Amino acid sequence: MQYLPIFLRLAGQPCLVVGGGEIAARKVNALLRAGARVRVVAPALGEDVHRLLLAGRIEHLARRFEPSDLDGQALVISATDRREVNEAVAAAAQARNVPVNVVDCPDLCGFIFPAIVDRSPVVIAVSTGGASPVLARLVRARLEMALPAAYGRLALLAERFRQRVKVALPDASRRRRFWEAALQGGPAELMFNGQDAAAERCFEGLLAAETAGPASGGRGFVSLVGAGPGDPDLLTLRALRLLQEADVVVYDRLVSAEVMGLIRTDAERINAGKASSRHTLPQEEINCLLVRLAREGKRVVRLKGGDPFIFGRGGEEIETLLEQGIPFQIVPGVTAATGCAAYAGIPLTHRDHAQSVAFVTGHSREGQGSSVDWARLVNPQQTLVVYMGLQAFPEIRDQLIRHGCPADTLAAIIEQGTTVRQRVVTGTLVDLYERATAAGIVSPALIIIGSVVALHRQLAWYHGQAEPPAQPD
Ligand code: SAH
């Protein structure tokens, strides 16, 4: 290790910055964020530092650097583009044992600035020892993605409870296990959603349950997560994190194999939808399953294709959770309509073609006929997206034509959109079904009807894999 990583307490400490340009401004700001008293020595100030001076946040010596400027300083940063000035600052600092950083001159530095992920009070510093600042920044970007924005507030919550937990759970290893569970469970998720009061209540509940006995299941939490249409890169950051933290994942058959591959290896997986829709777990059973798993104290992810609130029965599942008092959150996902349209190069509301878009289901509720108001859907300025419409397409087509939709309206069907297996078949309202059948299109498939489909020819950019898709066995 070339450098020792440490965190300096600079609140109220005098710090010197030599130079008044743009880079100096950045360093001044970093010092101010740490609460330092900053003095800038420079014959002239750039705009940014000048603004800080006007705001009364810094002190300015309008002249060249002199070695005695370092007397009594906690640290010094030289941010000038003149080598001789930088060298003079470094030499004077060394003589006085004042820690020194010279911007962009590692050979003159006594300390270096790391790249920072700031979730104060949680702060992560990344350094490559000056080997590659760009690499340090790339590492930082990865950490930024991995850490929810509200991590700092979570730390403050932990701080508020720290003493009480210590008293309530005197056994150190039990206390550590409790903290691990709390900081990855319900209180954390609620905090990340900005529900601070609910997070506190949830924490109180956990602590009460834990002190009542370690076996109680008060830490359960359910996340209703949209898995998107298939391409795992379309997951939200939150969805990805939850998949990697889950104890159990209850998933639909619509969730792609690629997304399933991102689930934490030792998480339990429960299939809530078998190959044929007739053998799906009844909704009621899924609702009860989620409640039971949460009661067992598990972090449950209910993983649904696309977005949970678009033809996903997300609403029904949370009603039960609400009734049973199970804490939960909803994580939206890219819905099939937007995902498939994007990957098929069909802008759903291209302004030359459509001013609105309607999402409809081709599937009727068991035992009932379709309750879709077809007449209202026939509109040349509107794009129609039909979910679950493959089987019922002949009926949908006939209804639309009967209600005045021109038979030659363009239409497209997208199978396994956004995955490497994506296929797109286009045609008109009259011939699309035959074309799709001839091509062997199967579910999941999404139908887009409207003149925007004309743009596919020109805008199709995504072609999945080069070879034809493997035949299902
Ligand atoms: N909640 C989901 C939709 C569930 S309904 C969402 O927001 O996307 C299931 C229907 O969604 C399928 O029958 C199909 O019409 C459509 N669908 C979902 N994923 C798809 C995909 N990758 N490609 C094509 N259609 C898809």
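A search of the whole structure, which is a predicted model, finds 30 salt bridges. Three of these pairs are described first, followed by a charged surface patch and the division of the chain into domains.

**Salt bridges in helix α2**

Helix α2 covers residues 47-54 and contains both E47 and R51. These two residues form a salt bridge, and their closest N and O atoms are 3.1 Å apart. Along the chain they are four residues apart, which is about one turn of the helix. E47 is exposed because its relative accessible area, 61%, is over the 50% mark. R51 has a relative accessibility of 47% and therefore counts as partly exposed.

R51 also forms a salt bridge with D48, and here the closest N and O atoms are 3.8 Å apart. D48 lies in helix α2 as well, three residues from R51, again about one turn of the helix. The relative accessible area of D48 is 36%, so this residue is partly exposed. R51 is thus a partner of E47 and of D48.

**A salt bridge between a helix and a strand**

Which residue meets the side chain of E144 in a salt bridge? The partner is R119, with an N to O distance of 2.9 Å. This pair links distant parts of the chain: E144 belongs to helix α4 (residues 133-146) and R119 to strand β6 (residues 115-119), with their positions 25 residues apart in numbering. Is R119 buried or exposed? Its relative accessible area is 10%, under the 20% limit, so R119 is buried. E144, at 30% relative accessibility, counts as partly exposed.

The three pairs are listed below with the distance between N and O atoms.

| Salt bridge | N to O distance |
|---|---|
| E47 and R51 | 3.1 Å |
| R51 and D48 | 3.8 Å |
| E144 and R119 | 2.9 Å |

Elsewhere in the chain, D247, R264, D266 and R299 are joined into one network by salt bridges that share partners.

**A negative surface patch**

Five residues are named in a negative patch on the surface: E284, E285, E316, E319 and E323. Two elements each give two or more residues to this patch, namely α11 (283-295) and α12 (314-324). Which element supplies the largest share of the negative patch? That element is α12, with three residues. E284 is in helix α11. With a relative accessible area of 54%, E284 is over the 50% cut-off and is therefore exposed.

**Domains and the start of helix α13**

The domain assignment divides the protein chain into domain 1 (14-113), domain 2 (148-216), domain 3 (220-334) and domain 4 (337-459). How far apart are the centres of domain 1 and domain 2? Taken over C-alpha atoms, the centres are separated by 42 Å.

Domain 4 is assigned from residue 337, and A337 lies in helix α13, which covers residues 336-344. A337 has a relative accessible area of 0%, so this residue is buried. A337 and I326 are eleven residues apart along the chain, and 31 Å separate their C-alpha atoms.

Methods
Residues numbered from 1 in each chain as written. Predicted model: local features only at pLDDT ≥ 70, side-chain atom pairs only at ≥ 80, totals over all residues. Heavy atoms only, no water. Patch = residues over 30% accessible without salt bridge, like charges linked within 9 Å, V, L, I, M, F, W, Y side chains within 5 Å. Areas by Shrake-Rupley, 256 points an atom, 1.4 Å probe, with all protein chains shown as cover. Salt bridge = Lys/Arg side-chain N within 4 Å of Asp/Glu carboxyl O. Lys, Arg positive; Asp, Glu negative; His and termini not counted. Charge placed at Lys NZ, Arg CZ, Asp CG, Glu CD. Buried < 20%, exposed > 50% of the residue type's maximum accessible area, 1.4 Å probe, protein only. Domains from an automatic or database assignment.
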